[in-house]
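Colleague: Hey, got a minute to walk me through this fold? I'd like to start with the sheet.

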Amino acid sequence: MTYTGEVKVGGPADVHELADLMISKVAVGSMNNNAYLLRCRATDEQLLIDAAAEAGTLLSLIGDDGIASVVTTHRHGDHWGALAEVVAATGATTYAGARDAEGIPVATDVPVADGDTIRVGRVELTARHLVGHTPGSIALIYDDPHGHPHVFTGDCLFPGGVGNTGGDPKAFASLIDDVQHKLFEQLPDEAWVYPGHGDDTTLGAERPHLAEWRERGW
């Protein structure tokens with residue numbers, strides 16, 4: 001079946017099958033958070049992005065093979081609500097942005113800085129530090145050698161705009177600058193965006209609207 005990225009809480013995962021990587025997207029919790037399970041096809045090693053809620057749902061998705069690691073995109077509680085249970089059940093190594101680690105009540109084994117590499121099997125993900133939604137939010141980029149990049153943006157980029165910055169002009173300026181310089185200026189229109197809530201998008205679909213986002217201030 002064709003991947004759409006359209007999922008709902010209580011519904012099945014949607015699976016994006018790439019040449020070297022399988023990406024399973026599921027919606028969980030009262031805030032309709034997205035969690036993403038990445039599986040290296042060569043090694044079957046798995047990595048989870050945002051153990052947001054519903055540990056049972058996430059552990060069922062993970063299955064008997066377990067996960068080697070779990071990455072938390074940022075410190076907000078709706079993105080780590082099931083982290084303690086998932087780590088306890090799997091023994092996974094935890095990753096989070098260095099400046100957000102103190103705000104996550106599960107210990108971060110590996111603090112992540114801008115440009116760091118996180119591996120899942122033979123697949124490499126590059127972390128980009130995006131400041132504004134929180135001080136230490138990170139996005140993860142998989143630059144597929146057989147196709148276009150895939151970007152897991154947490155709450156920093158959605159269809160229709162950047163993440164919430166609480167009406168703080170400085171935080172908004174920081175976030176939109178980082179998103180523009182580290183994502184839009186570095187990656188092609190085909191880059192697929194997997195956000196922390198809601199439907200997927202592409203950089204190409206959002207690029208024409210950057211100026212209007214800046215003008216409106218959110």
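Modeller: Sure. This is a predicted model, and in it seven strands form an open sheet in the order β1-β2-β3-β4-β5-β6-β7, with mixed pairing.

Colleague: Which strands stand at the edges?

Modeller: Those are β1 (14-17) and β7 (110-112). Each has a single partner strand, so one side of each is left without a neighbour in the sheet.

Colleague: And what does the twist average from one strand to the next?

Modeller: The twist averages 20°.

Colleague: Do β1 and β2 pair in the parallel or the antiparallel sense?

Modeller: Antiparallel, over four bridges, with β2 covering residues 21-28. One pair to look for is H16 and its bridge partner in β2, I23.

Colleague: OK, moving along to β5. What does β4 do with it?

Modeller: β4 (residues 46-49) pairs with β5 in the parallel sense, over three bridges. You'll find I49 opposite V71 of β5. Helix α1 (residues 55-62) joins in too: β4, α1 and β5 make a right-handed β-α-β unit. From β5 the chain then crosses through helix α2 (residues 83-90) to β6, and that β-α-β crossover is right-handed as well.

Colleague: In which sense do β5 and β6 pair?

Modeller: In the parallel sense, over four bridges, where β6 is residues 93-97. S69 has T93 as its bridge partner in β6.

Colleague: Which strands do the two helices lie across?

Modeller: α1 lies across β2, β3 and β4, and runs at about 160° to β2. α2 lies across β4, β5 and β6, at about 165° to β5.

Colleague: Back to β5 for a sec. Are the residues on its two faces buried or exposed?

Modeller: Buried on both sides: S69 and V71 on one, V70 and T72 on the other. In a regular strand the side chains alternate between the two faces of the sheet.

Colleague: New topic: N34. Where does N34 lie?

Modeller: In strand β3, which spans residues 33-40.

Colleague: Why does N34 count as buried?

Modeller: Because its relative accessibility is 2%, and the cut-off for buried is under 20%.

Colleague: What does the side chain of N34 reach?

Modeller: It reaches the backbone oxygen of G198 at 2.9 Å. A polar atom of the N34 side chain also lies 3.0 Å from the backbone oxygen of P195.

Colleague: What else does N34 touch?

Modeller: Leaving out residues up to four places away in sequence, N34 touches several residues, among them V7, K25, I49, D50, G196 and H197. I49 may ring a bell: that's the residue opposite V71.

Key. Residues are numbered from 1 along each chain as its sequence is written. This is a predicted model: local features need pLDDT of at least 70, side-chain atom pairs count only at pLDDT 80 or more; totals for chains, interfaces and linings use all residues. Side-chain values use heavy atoms; hydrogens and water are left out. Buried means under 20% relative accessible area, exposed over 50%, partly exposed in between (1.4 Å probe, protein chains only). A polar contact is a pair of N or O atoms within 3.5 Å; within protein, one must be able to donate a hydrogen and the other to accept it, and residues adjacent in sequence count only if both atoms are side-chain atoms. Contact means heavy atoms within 4.5 Å. Two strands pair if DSSP finds at least two bridges between them. A crossover is right-handed if, with the strands pointing away from the viewer, the path from the first strand over the helix to the second runs clockwise. Axes are lines fitted to C-alpha atoms, for helices over the stretch in contact, and angles run from 0 to 180 degrees between N-to-C directions.
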